[in-house]
Each structure stands twice: as C-alpha cells, then as structure tokens.
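Welcome, and thanks for taking a look at this one with us. Below is a short tour, arranged by topic so that you can follow along in the viewer.

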Amino acid sequence: MAWASSFDAFFKNFKRESKIISEYDITLIMTYIEENKLQKAVSVIEKVLRDIEDAPLNIAVTGETGTGKSTFINALRGVGHEEKDAAPTGAIETTMKRTPYPHPKLPNVTIWDLPGIGSTTFTPQNYLTEMKFGEYDFFIIISATRFKENDAQLAKAIAQMGMNFYFVRTKIDSDLDNEQKFKPKSFNKEKLLKKIKDYCSNHLQESLYSEPLVFLVSNVDISKYDFPKLETKLLQDLPAHKRHVFSLSLQSLTEATINCKRDSLKQKVFLEAVKAGVLATIPLGGMISDILENLDETFNLYRSYFGLDDASLENVAKDLNMSVDDFKVHLRFPHLFSEHNDESLEDKLFKYIKHISSVTGGPVAAVTYYRMAYYLQNLFLDTAANDAIALLNSKALFEKKVGPYISEPPEYWEA
C-alpha cells in the first residue's frame, strides 16, 4: 500500500538520534497498514503519541560545591541567575538532600541538583540509594578541575546499576583565560582543550578501566566547546519516546539544536496527521480561516519552543537595544498569516505544498489528500526554525538591515 511506503519514507529522513518513534513501532504500523488493519495501526500511533506526550524526563546533576553545578543547571533550564526560580549560585552546599528544579516551559522535565558524593559520608552504592537513583534517566557528573576518585567510583556504581552517566568538565573559559594571561606566547587554545580533556580522561580511566567520554563545557556560553556533542550523545542514548521532550527542553543556542527541535516536532505533527486520516481527500479552498483559529494555540506553543514568544523576544530586543515592535519587523513568523503584495496565505501554502512535494518526490496532485492543518503546521515550523537560526546571528543581521522577509518570500515559496 502506498500509505505504508510513504510512512516508511518519511521517517527515513531523520537520523536515529532524532527519531521520536522506535524502529519496532514504525515496522509494526507499516505492517498493519499493508494488511489494511487501519484501526490497529491507529491504536499503535495513539500509544506512541501518548508515550511521547506523557514521558517524564529526570536529569540528575551531581558535583562538589564550586564546580559550576548551579550555573550548568540554570543554563539547561534557560533561567537567568537572578530569576526567581534559579538554582542559587555561589552558595555553600549545606544540605545533603536532592533539590528539584522543574523546567520553566515543560512540566515533564525536572533537573535534580544532587550534593557531591565527596560532601557526604555515603559509599557510592548508599549514595545512589539515598538519592533515589532509580528515578533518573541519566546522571551528569560535574567537576571544575580534575575528577576525583569518588567521582569515578560513583560512575562505576551507576554503570553497575544499568544507568548512563556523563562527565562534564566546567569553567573551561577560566582555564583558557588564565593560560592566555600567564603564557601569552605559547598559548594554543586547541592544544590546551585537548590537554584538559586528556588529563580528565586519563585520571578517570585509572579507576574505570575504560576510557570515559569527557565533555568540556563553558559556564559563560553553554553552546561552546563540547556541549553540542553532549546533546547529541544524550539524544542517542535516550529511548525514542523521551527524545522529543528532551529536544524541546534544550535552549535554541545552536543551529543543530534548532533543527533537532524542528525534526522532532515535524515527526509528531506527521503522526497526528496520520492518526487523523491524512489521506482523505479534502478540498483546500475556504478552510484557512477556520483552521488558523484552531491552530492558534499550537502556533503559540511552537513560538515558545523556539524562543520566539513575546517574553523571549523582549529579552533579545533588550540585548540589541531595540524595541520589540522594531525587532519583529525583521522576523517572518509574525507576518506569516497576513497578506503582502496581494499574495494570500492560500498562495503561500500552495507554493509550500509544491516545495514539499518536490522534496519528497510525490506528484503535486497527491498532496491534496493531506489535511490543511498538517501543511500549516509544517509551514510554521520551518518559518519559526529559520527565524530562530537568524536570531543566533541577530546582531550582525540587524546591523546589516536585512530587507523584509515576507515581501520577498523564501525560495521554497517561489518554487
């Protein structure tokens, strides 16, 4: 059945670490579709969507006082140090209890601040029991210098219990600044980064009897150094149904992260469209206003995921010393559903559908089978992601005074 092959072809567009559905479920759904057992296929899709939407994600971060643990936790949550719910920085650790820090936008995501094992009297095994190790999806072990024997023993105990752990070496900027200040003639950034990583890895290897992965992270700009590699590794190791919420929880600090969010959301939109019966023939004309009204809440949610909500844009505009209104003029999404140069949303949408059809190889006529909502959501996701990527280089973008986006549509609208 063509539907089954289209289903399989869609998910082949995504790398393994970005897929939010397992290969087993993809095969099972395809099998039911080929056997014309559509109700069973829909039942599997509904279960997959429930698992994705309800999946809790609990991240344990442990390390001694002064390692930059709170700064790392705040950066993961996208929370400033002076905000109300921020993990306190610069404080001396006085409690031996774990502290939860919920994600501000995703209630299913919680980052747990665990006291460093060196500040307790517990053995590694007792420490994990006391900290309720079974509740976490993975552990991040942080150090600002070298990892200690306690850290290695804790990692060994975590591994024995079948859990994943990751070593993160923080405050890399301080190391680079100090080296450049005191050894300006011999300073070599790449050599120093390799030296720090090798030093940490070799020390841990003595206790673990294997070479562990060590990720170098900046406390000033978390997107620098190895943080993108850490994101990719975590996505690879997480079960498929938890990748979606993890990708959405990440701050839009790199183009790779933004694309990961877009891919994740597109897969969810696709599954919802298949569940709704996207192959039913639906006339396109005359439906736009009704669908836009129904999707308004969804679009606002997408804006939040990509850091394009009003609160996020106000912060960016403040950094650029601009008003929010002046700032929005240079973004596509606020004007996406208005008409410019006598080009209606229907015209834009048909161009977008034609672009999608050319990419996937399907005939233009076939796309009339898909629901309008599916294409509108994809159009918005691409637009929001492109705007988020533009924000990464916002200062340069606005200094050059790039012309208006909507009056000159993206290339795929011109196709």
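Let us begin with one residue: Asp 113 belongs to strand β3, which spans residues 109-115. The model you are viewing is predicted, with a mean pLDDT of 77 for the chain. From Asp 113 we move out to the sheet, then to some loops and cysteines, and end with confidence.

**Asp 113 and its partner**
- Asp 113 counts as buried because its relative accessible area is 10%, under the 20% limit for that class.
- The side chain of Asp 113 makes a polar contact with the side chain of Lys 69, at 2.9 Å.

**The sheet**
- Strand β3 takes part in an open sheet of 6 strands, ordered β2-β3-β1-β4-β5-β6, and the pairing is mixed.
- At the edges sit β2 (99-102) and β6, each of which pairs on one side only.
- From one strand to the next, the twist averages 25°.
- Strands β2 and β3 are antiparallel and are paired over 4 bridges.
- The same two strands, β2 and β3, form a hairpin, with 6 residues between them.
- Within this pair, Tyr 101 is found opposite Ile 111 of β3.
- Towards the other edge, strand β5 (residues 165-169) runs parallel to β6, and 3 bridges join them.
- Here Phe 167 stands opposite Val 214 of β6.

**Helices packed on the sheet**
- Helix α4 (residues 69-77) packs on the sheet and touches β1 (57-63), β2, β3, β4 and β5.
- The direction of α4 makes about 180° with that of β3.
- Helix α10 (residues 240-249) also packs on the sheet, where its contacts are with β1, β3 and β4.
- The direction of α10 makes an angle of about 60° with that of β1.

**Backbone points to check**
- Most residues other than glycine have a negative phi.
- Lys 132 is not a glycine, yet its phi is positive, at about 55°.
- Look for Lys 132 in the loop between α5 (124-130) and β4 (138-143).
- Lys 132 is partly exposed because its relative accessibility is 43%, which lies between the 20% and 50% limits.
- Tyr 225, again not a glycine, has a positive phi of about 60°.
- Tyr 225 lies in the loop that connects β6 (214-216) with α9 (227-237).

**Cysteines**
- How many disulfides does a search of the whole structure find? The search returns 0.
- Cys 200 is classed as buried because its relative accessible area is 1%, under the limit of 20%.
- Cys 260 is buried as well, with a relative accessibility of 13%.

**Confidence**
- With the mean pLDDT of the chain at 77, 77% of its residues reach 70 or more.
- Residues 360-370 have pLDDT below 50, and in the model this stretch has 16 contacts beyond near neighbours in sequence.
- Residues 401-415 also have pLDDT below 50, with 31 contacts beyond near neighbours in sequence in the model.
- Where pLDDT is low, the predicted coordinates should not be read in detail.

Technical notes: Residues numbered from 1 in each chain as written. Predicted model: local features only at pLDDT ≥ 70, side-chain atom pairs only at ≥ 80, totals over all residues. Heavy atoms only, no water. Disulfide = S-S within 2.5 Å. Buried < 20%, exposed > 50% of the residue type's maximum accessible area, 1.4 Å probe, protein only. Polar contact = N/O pair within 3.5 Å; in protein donor to acceptor, adjacent residues only side chain to side chain. pLDDT = per-residue confidence, 0-100. Contact = heavy atoms within 4.5 Å. Pairing = 2+ DSSP bridges. Axes fitted to C-alpha atoms, helices over the stretch in contact; angles between N-to-C directions.
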